[in-house]
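I opened this notebook to record what I looked up, beginning with the nonpolar core and then turning to a helix.

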Amino acid sequence: MKRAAVVAGAAVTAVAVLAAAGIALAARGHSTAAAYRTVAVERGDVASTVNASGTLGAVSTVQVGTQVSGQIAELRADYNSHVRQGDLIARLDSTLLFLAVRQAEAEVRQARADSAQKQFAFDQARTLEAAGLEAQSDYVAARTAYETAQASLTSADVGLARARENLRYVNIYAPIAGTVIQRNVDVGQTVQASFSAPQLFLIAADLRQMQILVSVDEADIGEVKAGQQVQFTVQAFPNRTFTGTVRQVRLQSATSNNVVSYTAVVGVANPDLALLPGMTATVTFEVAKARDVLKVANAALRFQAPAAWLAEWRAAHPRAPAPAADAATLWALDAQGRPELVVVRTGLSDGTSTEISGDVAVGARFVAGVAASGKAATGAASPFQSTQQRGQGGPPGPPPGGV
């Protein structure tokens, strides 16, 4: 009776040991499958893009100045004023210019009277010279005096026309229809037009149509073409994406810190006037797009499996052809957590995902890296080794690979 109890106890103990070993083996196999981070194949669009930044501005701006000096007597436009072509937007004090016109008129009358007197003297000298009653030198002097008086009269006429034109310039009109985005003067301020026309206003044409001057690196400018669609964002509306079209790629280059760049002009519709001149735009040029294709995260393509994986997979698949030089390799895990090599071809990439083709399907999962936590993150033996071999003594090996 005592011996039977001992045997029964030993049997129970053996069953418990075997159960514990089974649990340990199952857990060890599970940890192999869980040692790696995987990503799934998806179906969708992949776009190849070029990113750059630029500054928003009006398609056309005109600096409004004055051609005469004077004091600002009146302003009829201010910041954000909408003006039509020909609208009076400012007026200079006309007192001095009006007096200049009166002086020029007096000079014309004086020159006209002097010219009439000189003509009379010349006519007399010509008559006497023809009759032989006047010396040749007197005749020439009279003729010269008359011609000089005529030139003075012409000069006085030009001076009067100039004075009248300057008087007309006291009224400053809008040269185009648009919006005043800058005003540089105040009433009572004196402007000088002696050397260059001072800028009084800056008027932007219709702000419902704007443009972005985008600085594109020389390494990317070959991908940017007129007619391409672009998307961009501005800091004022971080959750809104705007669209535009490339109008021009300028040939003139610019060099800053030994970096060569070119300017791409992007046309932008601004119907709600949300975009303002001077805003910084982060622009994305869509240079190519693949629609409704299989794609996988780039981390799976970057995953570097240890050399032992490929060697052992080769041993298990001796007749499998070697991957082509232009092919990419992905590593999948089977139901037992054993890695399987899958060869694919790649297409467009958007920096996050890449188009793939080959013997893959939506939902297939591929290794993208080693798990970031747990025992498997610090070390794991090759999945090709048997459970018994893994259970033998010795410290755990290095991680099987990384992103």
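Entry one, the core. I am working from a predicted model, and I looked first at its largest nonpolar core, which holds 22 residues, and found that Ile 212, Val 214, Val 216, Phe 232, Leu 275 and Phe 285 touch the most other members. I then asked which elements give two or more residues to this core, and I listed strand 2 (42–58), strand 11 (209–217), strand 12 (229–234), strand 13 (237–256), strand 14 (259–269) and strand 15 (280–297). Strand 11 gives the most, with 4 residues.

I picked out Leu 275 and, leaving aside its neighbours within four places in sequence, noted contacts with Leu 56, Met 210, Phe 232, Val 234, Phe 242, Val 268 and Asn 270. Apart from this core I found another, of 18 residues, which includes Val 170, Leu 200, Phe 201 and Ile 203.

Entry two, the helix. I looked up helix 2 and noted that its 36 residues reach 53 Å from the first C-alpha to the last, close to the 52 Å expected at 1.5 Å a residue. I wrote down Leu 97, Val 101, Ala 104, Val 108, Ala 111, Ser 115, Phe 122 and Ala 125 as buried in helix 2, and I found helix 3 (136–168) to be part of what covers the buried residues of helix 2. After helix 2 comes Gly 132, with a positive phi near 75°.

Entry three, the surface. I noted a nonpolar surface patch of about 330 Å², made by Leu 96, Phe 98 and Leu 99. Leu 99 has its place in helix 2 (residues 95–130), and I recorded Leu 99 as partly exposed, since its relative accessible area is 45%.

Terms used:
Residues numbered from 1 in each chain as written. Predicted model: local features only at pLDDT ≥ 70, side-chain atom pairs only at ≥ 80, totals over all residues. Heavy atoms only, no water. Core = buried A, V, L, I, M, F, W, Y, C linked by side-chain atoms within 4.5 Å. Buried < 20%, exposed > 50% of the residue type's maximum accessible area, 1.4 Å probe, protein only. Contact = heavy atoms within 4.5 Å. Patch = residues over 30% accessible without salt bridge, like charges linked within 9 Å, V, L, I, M, F, W, Y side chains within 5 Å. Areas by Shrake-Rupley, 256 points an atom, 1.4 Å probe, with all protein chains shown as cover. Salt bridge = Lys/Arg side-chain N within 4 Å of Asp/Glu carboxyl O. Expected span 1.5 Å × (residues − 1).
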